[in-house]
Structure formats: C-alpha cells, structure tokens
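Subject: Structure handover and notes

Dear colleague,

I am passing on the structure below, followed by some notes on what I found when going through it. Please read them with the coordinates open beside you.

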Amino acid sequence: MKRTILLVCAVVVAAWAGAQEVAPQQSQAVIEVVKKSAKPQYRWTIDLNAGLALYQQLFMGDFVDRPDVVPGGTISRRNYNLPYAFGADIYYRFTNSFSLGLRTTLSYEHTKCFDSKGAELGSINALPATAVLVGKWSYYKGSEFEFYGLYGLGVCVDIVVKDFYWKPSPTVAFNDAIAEIYPIGLRWGHKRGCLIEFGMGSKGLFNVGYFRNF
C-alpha cells in the first residue's frame, strides 16, 4: 500500500514538474502571436485619387474677387474651373490602427477678364495646390476591408499667372491654412484596392482613388 501511495505521489510530482516546464513555453508562444498580430503587415501606403474641387471656393477663396487683379478693376469675368482635384498621398503605418500621412492635391482654374465695353483684357491661370499632414485612425481593419477617419492641418498655395495684354506676371500666393476632416473613409482590398472618402478638406466633399500597400 505504501509503495502504491509513493508511486502515485511520484507520478503527480512528475506531471506537475512537466506542466511547469510547458506552461512558460506556451505563454511565450502566445506572446509571440500577439506581438506578430500587433505589427502591420505593410508599412507604407501610396494613394492616387481624385475629388470634387469644391475646396477652392469653400476654403481658399476666389482670388479674382480682389480689386487688384487688373489695374482699375474689371467689370465682367468668365471662369473655367477644373471640377476635380487630383492628388497623390503617402502614409506610414505605425500600428494597425494609426498611420501618419502627407496628402497633396492639384487643380486648375482659368479666368478671362473683360472691360466695361466687352473687350478682353487678358486671362488668369492658376494651379491651386495643397499639402496637408494627417493622422489616419482605423475604426475597423479586416483582411480585405478598412473603415477609418482622417484628420489634419495643412497649407493652400496658388501658383498664378496673370497674362494680360501688357505684361504676363507669374506669382505664388500662400492663401491660408486648411483643415482636413474626413470622418468616413472606406478601403477595399489587401495589397491594393480602391478607396472612397467623405468629409471636408483638400479633396473636396467626395474623394475616390486607388491605393497600393508596400
């Protein structure tokens, strides 16, 4: 009887000692899996996109309304504004839920100016451009779908060429700061895919594009 009790005790002690050796290994394996899942698979993202260029009127103002556009002012103007703003953006992903990026846009404006008798005085060509530093927060990120929001601040720049009959005069005007607020952003795809964003800022009220992860 005593031998049986001693044998059972020995088996229990051996099993307990083995469990103590396996448990740290299992815990370490779990920690490695968690660490691996916390790291983003792709660090860099490039976006090519186009948006409605309403930011020109909402945020940058209209440079042709200034009285010094033409000496003495103008009576009538005719505007041709490109309805889209095109951009190329780059992001660096720090975690699966946060990225930091630089968003850029470029559009085009053409304005013809006339005097009170209807004679054409000249034209104004402008390239409104923006550069915005943004943070991107992922509300949800799956393998093929991401729901996120973008928030940031940047600057607006006008590259303007006033080409009147007496003298062309290229200028660069720093208009103002611009806020980037896009609370609704959707991406479909894993390594590459399409995106759509809604909000206010350099891309207008509606932005669509193509992205590629690296």
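I start with the hairpin that S9 and S10 form, which has 5 residues between the two strands and, in its turn, Gly201 with a positive phi of about 150°. Please keep in mind throughout that this is a predicted model. Strand S9 covers residues 192-200 and runs antiparallel to S10, to which 7 bridges join it; within this pairing, Gly193 has Phe211 of S10 as its bridge partner. S10 also pairs in the antiparallel sense with strand S1, residues 44-52, again over 7 bridges, and here Ile46 is matched with Arg212 of S10. The side chains of S10 alternate between two faces: Asn207, Gly209, Phe211 and Asn213 point to one face and are buried, whereas Phe206, Val208, Tyr210 and Arg212 point to the other and are not.

As for the overall architecture, the chain has 2 helices and 10 strands, and from the N terminus on its elements run α-β-α-β-β-β-β-β-β-β-β-β. Of the 214 residues in the chain, 35% are buried. If one takes the contacts between residues at least 6 apart in sequence, 60% of them join residues at least 24 apart.

A second group of pairings involves S6. Strand S4, residues 98-106, is joined to S6 by 9 bridges and runs antiparallel to it, with Phe98 bridged to Trp137 of S6. S5 is likewise antiparallel to S6, with 6 bridges between them, and Thr111 of the chain stands opposite Ile124 in S6. Strand S5 comprises residues 109-114 and includes Glu109. Is Glu109 buried or exposed? With a relative accessible area of 6%, Glu109 falls under the 20% cut-off and is therefore counted as buried. The C-alpha atoms of Glu109 and Ala126 are separated by 5.0 Å, although the two residues are 17 apart along the chain.

Turning to the interior, the largest nonpolar core has 10 residues in all, namely Tyr91, Val132, Val134, Tyr148, Leu150, Cys156, Ile178, Tyr182, Leu195 and Phe211. S6, S7 and S8 each supply at least two residues of this core, and the largest share, 3 residues, comes from S7. Phe211, which belongs to this core, is also one of the residues on the buried face of S10. Leu150, another member of the core, touches Tyr91, Arg103, Val134, Gly135, Lys136, Glu180, Ile181, Tyr182 and Glu197, if residues up to four places away in sequence are not counted; the contacts of Leu150 thus include charged residues, among them Arg103 and Glu197.

Finally, since you may wish to look at the open space in the model, the largest pocket has a volume of about 310 Å³. It is lined by 19 residues, of which Gln41, Tyr42, Lys141, Gly142 and His190 are the closest to its centre. By class, the lining has 4 nonpolar, 9 polar and 6 charged residues. At least two lining residues each come from strand S6 (120-141), strand S7 (145-164), strand S8 (168-189) and strand S10 (206-213). S6, S7 and S8 therefore each contribute at least two residues to the lining of this pocket, and they also each supply at least two residues of the nonpolar core.

With best wishes

Definitions and conventions. Residues numbered from 1 in each chain as written. Predicted model: local features only at pLDDT ≥ 70, side-chain atom pairs only at ≥ 80, totals over all residues. Heavy atoms only, no water. 1 Å grid on protein atoms, 1.4 Å probe; cavity = no way out; pocket = protein on both sides within 12 Å on 5 of 7 lines; lining within 4 Å. Points joined across faces, edges and corners; volume = space filled by probe spheres on them. Helix = DSSP H or I, 4+ residues; strand = E, 2+ residues; numbered from the N terminus. Buried < 20%, exposed > 50% of the residue type's maximum accessible area, 1.4 Å probe, protein only. Pairing = 2+ DSSP bridges. Core = buried A, V, L, I, M, F, W, Y, C linked by side-chain atoms within 4.5 Å. Contact = heavy atoms within 4.5 Å.
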